[in-house]
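Reader: Thanks for sitting down with me over this one. Could you walk me through the labels you use and the values behind them?

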Amino acid sequence: MAIALHHSRAKGTAKLVLLGIANHDGDGGAWPAVKQLAKYAGVDPRNVQRAIDQLEKLHEIRRHVQAGGDHRFAAHERPNRYSFLLRCPLDCDRTAQHRMPKDSPAFLEIDAPEGVAEASPPDAPARGGVAEASPKPSLNHPNTSKKKSHVGNRASRGACGHDLIDERHCERGCATARVQETA
């Protein structure tokens, strides 16, 4: 699993599926059910099938159709078997951290999604990449509504009987003064 974590070029669901296959990998390969891989990755089984196709294109696994299981499975019920093909690159230090030299081609290879700029290091001057976060907007916006008629359950009413918008005008435009407050 460490090799999958450190050396796989897969991303997202495909990487989760690869980790599931690596988790089941043994001497005879791995044959987890698509349903089990879907549970690991938290996706639909169809997405697992797409991820397996991607992993085959990346040459990180090989699918052997109906070659999994053992003698207890009928030939037509055998699951697919997956061979985990990833290995450490020659310049990997092969420790638990799988460190690569900084000048290694594998270390320098970054597959950023199309249209996404890589972020510059924190001490580098800003020249593109990811912009700093803008400040949070204020939640203390001034009340732009002029209507003051309802405060809690009380309504201010003018002499005309309508709800007041301000001290001298009601909601219907009558020029009036505050007369009463009703509950």
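Reader: Let's start with Ile 52: which residues is it in contact with, leaving aside its neighbours within four places in sequence?

Author: Happy to, and please keep in mind that this is a predicted model. Ile 52 is in contact with Val 17, Leu 37, Ile 61, Arg 63 and Tyr 82.

Reader: And what makes a group of residues a nonpolar core?

Author: The residues must be buried, of the nonpolar kinds, and joined through side-chain atoms within 4.5 Å. The largest such core here has 20 residues. Ile 52 is among those with the most contacts inside this core, together with Val 17, Leu 18, Ile 21, Leu 55 and Ile 61. At least two core residues come from each of α2 (12-24), α3 (34-41), α4 (45-57) and β2 (81-84).

Reader: Which element gives the largest share of this core?

Author: That is α2, with six residues.

Reader: Lys 15 lies in helix α2 as well. How do you know that Lys 15 has no salt bridge?

Author: The nearest side chain of opposite charge, Glu 60, is 7.7 Å away from Lys 15. A salt bridge needs a nitrogen-to-oxygen distance within 4 Å, so this pair does not qualify. Lys 15 is nonetheless buried. Not counting residues up to four places away in sequence, Lys 15 touches Ala 4, Leu 5, Ser 8 and Ala 10.

Reader: Why is His 59 called exposed?

Author: The relative accessibility of His 59 is 60%. Exposed means over 50%, so His 59 earns the label. His 59 sits in the loop between α4 and β1 (61-64).

Reader: What is there to say about phi of His 59?

Author: Phi is near 60° there, a positive value in a residue other than glycine. Gln 66 also has a positive phi, near 50°, and is not a glycine either.

Reader: Where does Gln 66 lie, and why is Gln 66 called partly exposed?

Author: Gln 66 is in the loop between β1 and β2. Its relative accessible area is 40%. Partly exposed covers the range between 20% and 50%, so Gln 66 belongs there.

Reader: What about Ala 33: how do you know which label fits?

Author: The same reasoning works: Ala 33 has a relative accessible area of 44%, and because this falls between 20% and 50%, Ala 33 is partly exposed. Ala 33 is placed in the loop between α2 and α3.

Reader: And how far is the C-alpha atom of Ala 33 from that of Arg 81?

Author: Those C-alpha atoms are separated by 9.4 Å, with the two residues 48 residues apart along the chain.

Note on methods
Residues are numbered from 1 along each chain as its sequence is written. This is a predicted model: local features need pLDDT of at least 70, side-chain atom pairs count only at pLDDT 80 or more; totals for chains, interfaces and linings use all residues. Side-chain values use heavy atoms; hydrogens and water are left out. Buried means under 20% relative accessible area, exposed over 50%, partly exposed in between (1.4 Å probe, protein chains only). Helices (H or I, at least four residues) and strands (E, at least two) are DSSP runs, numbered from the N terminus. Contact means heavy atoms within 4.5 Å. Lys and Arg count as positive and Asp and Glu as negative; His and the chain ends are not counted.
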